[in-house]
Amino acid sequence: MKKNYIIFGIVIVIILAIILFFVGKYNNLVTLEEGVDNKYADIDVQLERRADLIPNLVNTVKGYMQHEDDIIEQVTTARENLVNAKNIEEKAIANNELSSALNNLMVIVENYPDLKSSTNFINLQDELAGTENRISTARRDYNNAVKEYNATIKKIPTNIIASMSGFEKKNYFEVEAAKTKVPSVDFNN
């Protein structure tokens, strides 16, 4: 009889150890997923900050530019797409569109010396540059969190717990590779 209690006790200890192991792995996955979500929110904040700066930049530029309606429209549309993006893929695409539109705008600005020397424009340009750096940092932090999370859910035995609990692979915030071709500007059209 005593032997049965010892065996029963050992079985209970083993079961508890297995349960604690799985609970620990599950909790680690929850923590990593929350880290990814937190980093995603950081990107969102910086993209929103960038989007909030765009109307001020556009209005400042509008005052100087008479014939550049296409560029202004391109920047405005790209900003709206960024604000309305719902997930990381849409945000990455909209971010790329806005970056391209802003690059085109900065090429056009070169033709307006008064605008380039305007205090408002210089301040907005500095704010935008700072925001671009923040976005870059937030994107890097997010992608690092995604890398750690994705690697963890692929490892054995965590992959079993992840698949049973519905933890899925997260997507990276990808940005188009820097274009080496300088945008062309043609004022003859």
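Which residues does A101 touch, not counting residues up to four places away in sequence? In this predicted model, A101 touches Q74, V75 and A78 on that basis.

## Surroundings of A101

A101 lies in helix α3. Its relative accessibility is 1%, and A101 therefore counts as buried, the cut-off being under 20%. One of the residues it touches is Q74; A101 and Q74 are separated by 27 residues in sequence, yet their C-alpha atoms are 5.9 Å apart in space. V75, another residue touched by A101, is also among the residues with the most contacts inside the largest nonpolar core.

## Overall organisation

The protein has six helices and zero strands. Along the sequence, the elements follow the pattern α-α-α-α-α-α. The protein comprises 189 residues, of which 31% count as buried.

Contacts between residues distant in sequence are well represented: among contacts with a separation of 6 or more, 78% join residues 24 or more positions apart. The pair A101 and Q74, with their positions 27 residues apart in sequence, is 5.9 Å apart from C-alpha to C-alpha.

## The largest nonpolar core

In soluble globular proteins, nonpolar side chains tend to be buried together. Here, the largest nonpolar core contains 42 residues, and those with the most contacts inside it are L57, V75, L102 and L105. At least two residues of this core come from each of α1 (2-62), α2 (69-84), α3 (88-109), α5 (119-154) and α6 (158-165). The most is given by α1, which supplies eleven residues.

L102 illustrates how such a core residue is surrounded. Leaving aside residues up to four places away in sequence, L102 touches R50, I54, L57, V75, L128 and E132. Of these neighbours, L57 and V75 are themselves listed with L102 among the residues with the most contacts inside the core.

## Packing of α1 against α3

The axes of α1 and α3 are 12 Å apart, and the two helices pack at an angle of about 30°. Angles under 35 degrees count as roughly parallel, so α1 and α3 are roughly parallel to each other. Their crossing is left-handed.

On the α1 side, the contact is made by Y40, D44, L47, R50, I54, L57 and V61, and on the α3 side by I88, K91, N95, L98, S99, L102, L105 and M106. By class, the residues of this contact divide into ten nonpolar, two polar and three charged. Within the contact, L102 of α3 touches R50, I54 and L57, among other residues. L57, L102 and L105 take part in this contact and are also among the residues with the most contacts inside the largest core.

## Packing of α5 against α6

The helices α5 and α6 pack at an angle of about 100°, and their axes are 6 Å apart. Because angles of 65 to 115 degrees count as roughly perpendicular, α5 is roughly perpendicular to α6. In this contact, T152, I153 and K154 of α5 meet T158, N159 and A162 of α6. The residues involved comprise two nonpolar, three polar and one charged.

T152, which lies in helix α5, has a relative accessibility of 11% and therefore counts as buried. Leaving aside residues up to four places away in sequence, T152 touches N28, L29, L32 and T158. T158 is one of the α6 residues in the contact with α5.

Definitions and conventions
Residues numbered from 1 in each chain as written. Predicted model: local features only at pLDDT ≥ 70, side-chain atom pairs only at ≥ 80, totals over all residues. Heavy atoms only, no water. Core = buried A, V, L, I, M, F, W, Y, C linked by side-chain atoms within 4.5 Å. Buried < 20%, exposed > 50% of the residue type's maximum accessible area, 1.4 Å probe, protein only. Helix = DSSP H or I, 4+ residues; strand = E, 2+ residues; numbered from the N terminus. Contact = heavy atoms within 4.5 Å. Axes fitted to C-alpha atoms, helices over the stretch in contact; angles between N-to-C directions. Parallel < 35°, antiparallel > 145°, perpendicular 65-115°, else oblique. Left-handed = near helix turned anticlockwise from the far one by under 90°. Nonpolar A, V, L, I, M, F, W, Y, C, P; charged D, E, K, R; others polar.
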